[in-house]
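Please read this briefing alongside the sequence and the coordinates. The topics are the domains, the nonpolar core and the ligand shell.

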Amino acid sequence: MIIKRMTQMGILLGVFAIIGTAILAITHEQTKERIAENERNVLLRNLHAVVTPDSHDNELFTDTIEVTDAKLLGSKKPVTVYRARLNGKPVAAIFSAIAPDGYNGNIKLLVAIKADGTLSGVRVIGHRETPGLGDYIEAERSDWITKFTGLSLIQPDERGWRVKRDGGNFDQFTGATITPRAVVKAVYHCLQYFRQHQQDIFG
Ligand SMILES: Cc1cc2nc3c(=O)[nH]c(=O)nc-3n(C[C@H](O)[C@H](O)[C@H](O)COP(=O)(O)O)c2cc1C
């Protein structure tokens with residue numbers, strides 16, 4: 001009698017365990033999909049902050065290439081380049097470049113360069129700089145990052161591509177020069193990479 005009862009309890013426990021595991025697996029799968037979709041939407045919003053939606057008619061997420069240049073793109077790993085085109089013609093290349101020498105390590109950027117070599121826009125999409133000191137690079141915190149739009153390798157010239165503390169054109173932040181210095185350098189390097197590889201990028 002006792003053995004029969006214990007067997008029944010064991011089976012019941014097993015059934016609950018299976019149902020519980022199934023519910024967990026389904027919830028995990030749904031959450032994973034939702035997180036991936038949210039990340040995609042955030043990235044698309046950032047891409048469209050540097051290249052307006054009406055300036056291109058292709059799918060940015062699928063028109064990509066991976067390129068590697070540790071010195072000019074800030075990472076030994078491949079970085080993604082999103083290509084914007086209108087009627088098949090190149091509009092802009094958006095580099096997911098890295099500024100490696102931020103105060104607290106890597107600063108992740110989106111650097112959009114138009115086919116004519118001018119900057120369409122720059123945005124910071126990830127960093128660990130100090131709140132209240134280095135985070136003025138975020139578009140939400142100040143308009144500093146928007147000052148890159150329209151600039152190129154010739155406007156300003158090479159000497160201008162530095163923070164004012166180093167004799168260049170770009171403002172630093174009060175008590176925080178390292179962060180803006182890193183971003184200015186990374187954007188300049190990205191422009192150099194684009195000049196060297198433009199044909200391959202849109203090929
Ligand atoms: C706790 C702490 C956090 C800091 N965070 C940053 C930062 O995020 N970005 C930055 O450029 N400087 C930061 N600094 C300041 C740098 O150490 C450095 O002094 C400064 O960038 C140099 O700029 P300045 O020449 O305008 O003083 C921080 C300093 C301290 C003590």
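The notes below begin with the basis of the model and then take each topic in turn.

This is a predicted model, in which local features need pLDDT of at least 70 and side-chain atom pairs count only at pLDDT 80 or more, while totals for chains, interfaces and linings use all residues. Residues are numbered from 1 along each chain as its sequence is written.

**Domains**
- The domain assignment, which comes from an automatic or database source, gives domain 1 (1–50) and domain 2 (53–202), and their C-alpha centres lie 39 Å apart.
- Contact, defined as C-beta atoms placed from the backbone lying within 7 Å, links 5 residues of domain 1 with 11 residues of domain 2.
- The side of domain 1 that touches domain 2 has 3 nonpolar, 2 polar and no charged residues, where Ala, Val, Leu, Ile, Met, Phe, Trp, Tyr, Cys and Pro count as nonpolar, Asp, Glu, Lys and Arg as charged, and the others, Gly among them, as polar.

**Nonpolar core**
- The largest nonpolar core (buried Ala, Val, Leu, Ile, Met, Phe, Trp, Tyr and Cys residues joined through C-beta atoms within 7 Å, buried meaning 20 or more other C-beta atoms within 10 Å of a residue's own) has 45 residues, of which Ile94, Leu109, Val111, Val187 and Cys190 touch the most other members.
- Leaving aside neighbours within four places in sequence, Leu109 is in contact with residues including Ile98, Val124, Val183 and Ala186.

**Ligand shell**
- The residues around the ligand (C-beta atom, placed from the backbone, within 6 Å of it) include Tyr103, Glu129, Gln172 and Ile178.
- By class, this shell has 4 nonpolar, 6 polar and 1 charged residues.

Terms used: Buried ≥ 20, exposed ≤ 12 C-beta atoms within 10 Å, placed from the backbone. Contact = placed C-beta atoms within 7 Å.
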